[in-house]
Amino acid sequence: MKYVFKYLKKYTAESIIAPLFKLIEALLELTVPIVVALIIDKGIGNSDKAYIIKMCLLLLLIGAVGLTFSLTAQYFSAKAAVGTASDLRSGLFAKIQTFSYSKLDKIGTSTLITRMSGDINQVQTGINLTLRLLLRSPFVAFGAMIMAFIVGAGASYATVSFAFVIPILLVVIFIILLAGIPIYGKVQRGLDRVTGSLRANLDGSRVIRAFRLEERESEEFSDRVKLHKRMSLAAGRISGLLNPLTYVIINLAIILLLRNGAAEVNSGNLTQGELVALYNYMTQILVELIKMANLIITVTKAIACAGRISSVMNEAEDMSLEVSTAVVSEKAPLIAFKNVSFAYPGSSGEALTDISFELHSGESLGIIGGTGSGKSTLINLVPRFYDITSGSIEINGVNVRTIEPCELRKKIGLASQKATLFAGSIRDNIKWGKNDASDEEIISALATAQISNIINEKTDGLDSNIEQNGRNLSGGQRQRLNVARALVRRPEILILDDSSSALDRVTDAALRRAIHELDYSPAVFIVSQRAESVAECDKILVLDSGHAVGLGTHEELYSACDIYREICDSQKGGESR
């Protein structure tokens, strides 16, 4: 809850005004039964129409003032709740952005989505109701009980029901809450699983339809939803007992009150107006106790959700910044892997073992190997998306562990294996690479990426619309825009992670030639399944099951590395030059 209070502190004034105005409204509400009693006893009893009209006007005034205070309180409580939730959501999002790939893999995307949406919404509701009802409901309930004893001071039999009903109601509420609270935690965890399943199905909808597995996936999703439904119904059944039980208890108390009250009225110890006032106070107690019980359920959910949010916010940084006395050396390689090994968290074996190579500015390194050989894993270590388990990675002689991640990634342009584009214009997407990029810089990057001719054909040019994930573009167009986004920042290190797999050979060759002719001479990583895509690189690294089985030029590897030769011979046009 400390993070909730941290962001709520910004709305201290609203958090004070809201409950204060609610208390004033509650105080006015407690006077209503007294005014009604006076109307009955003095106005109707004495047939005094003027008195009745005056008291009715007083009731209208109390109602109008009470409504004003209530609306004001609700405005400030909503402002505090929505503001806190918005700030908390922004803070949580900022925290998530600091997570390494390892941390994201550990927590899970669906869980984070639930935290960002459902959990924070529940916290918002909890704050809103707490500011409005946490003080008001107990104040009205105990105030009504005190007023009932004051009004019925001379009629002990009439007020005896108040002495019994409050403890009984509190016991019932406590038992129901004690039984229901653990189930709500299971309901939220079940929602995580449903969200995860939904996300996986939406992301893989094309594959599911291609293999005609819609019915199977629908059944599996339906099973998860039904399990969540059963847990929700179990929680609902328990909390659903709250209203009928409290109504039964209160109505039995009202019956007892009216029976004893009638006898007290006949004996002259209680007036008719006072009996009606006692009835109204009993009703107020019923309403407020039910409100308080529902508030406790809501707050309990909010506390559970706040705990889930805090668990994410409290995640320790798994990529600490180390102190180093090393200085940047122009003579050192731009990037060097020194006996690098890496294992994914929870994995029994290493994904990469003892990898070493050096790359200078203007040089290119091709990385090739079979599926699962560790090509993309190696690439993810360069921008420090994951931390290596042993060895070191150095940029200009400085260990990447000692460089601020933002500063490190400014040096790198990455065109990832999956070409992810965002809804907006072409210009907007390219500016992800460099926020202040001019149109000239964008056009230059598009030309290098071999896509400027397609952009020129579009009526709106750089303002042409791109749908989410580039749905209105072909696979090759998405990949080339992905490359252009990496190029626009003129990076010192350019990483092309199988980012030309959807291109034809002519376009792929033109793209590699254009990158080779760049005037700022970046160090280039080219990951590819095609031997011809890496054949012209200054160095080629051959991976097999996480091990480096070859490092050299195309000619050297073709004659000395069996795995590389097999890859070349198995592909058309992959023979030795």
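This is a short tutorial dialogue on reading strands, cores and a pocket in a predicted model.

User: Let's start with strand E3. How many of its residues are buried?

Analyst: Keep in mind that we're looking at a predicted model. Here's the general idea: in a regular strand the side chains alternate between the two faces of the sheet. Now the case at hand. E3 spans residues 364-369, and 6 of its 6 residues are buried. Ser364, Gly366 and Ile368 sit on one side, with Leu365, Ile367 and Gly369 on the other, so both faces are covered.

User: Which strands are joined to E3 by bridges?

Analyst: E10 is joined to E3 by 4 bridges, and the two run parallel. E11 (residues 539-544) also runs parallel to E3, with 5 bridges between them. Try Ile367 as your landmark: Val527 is its bridge partner in E10, and Leu541 is its bridge partner in E11.

User: Ile368 is next along. What does Ile368 touch?

Analyst: Leaving aside residues up to four places away in sequence, its contacts include Val534, Ile540, Leu541, Val542, Leu543, Tyr564 and Ile567. Lys375 and Arg530 are also among the residues Ile368 touches.

User: And the largest nonpolar core: which residues have the most contacts inside it?

Analyst: Ile368 is one of them, along with Ile430, Leu446, Leu481, Leu487, Ile540 and Tyr564. This core has 43 residues. Helix H17, residues 475-487, gives the most to it, with 5 residues. There's also a second, separate core of 39 residues, and Ala148, Ile173, Leu275 and Ala277 are included in that one.

User: On to the second largest pocket. How much space lies in it?

Analyst: About 330 Å³. The lining has 17 residues, and Ser364, Arg512, Ile515, His516 and Glu536 are the closest to the pocket's centre. You've met Ser364 already, as one of the buried residues of E3.

User: Which helix supplies the largest share of that lining, and what classes of residue are there?

Analyst: Helix H18 does, with 5 residues. H18 covers 505-516, and both H18 and strand E10 (523-527) supply at least two lining residues each. By class, the lining has 7 nonpolar, 5 polar and 5 charged residues.

User: Thr507 is in H18 too. Is Thr507 buried or exposed?

Analyst: Check the relative accessible area against the cut-off: buried means under 20%. Thr507 comes out at 16%, so it counts as buried. Apart from residues up to four places away in sequence, Thr507 touches Gln450 and Arg480.

Conventions
Residues numbered from 1 in each chain as written. Predicted model: local features only at pLDDT ≥ 70, side-chain atom pairs only at ≥ 80, totals over all residues. Heavy atoms only, no water. Core = buried A, V, L, I, M, F, W, Y, C linked by side-chain atoms within 4.5 Å. Buried < 20%, exposed > 50% of the residue type's maximum accessible area, 1.4 Å probe, protein only. Contact = heavy atoms within 4.5 Å. 1 Å grid on protein atoms, 1.4 Å probe; cavity = no way out; pocket = protein on both sides within 12 Å on 5 of 7 lines; lining within 4 Å. Points joined across faces, edges and corners; volume = space filled by probe spheres on them. Nonpolar A, V, L, I, M, F, W, Y, C, P; charged D, E, K, R; others polar. Pairing = 2+ DSSP bridges.
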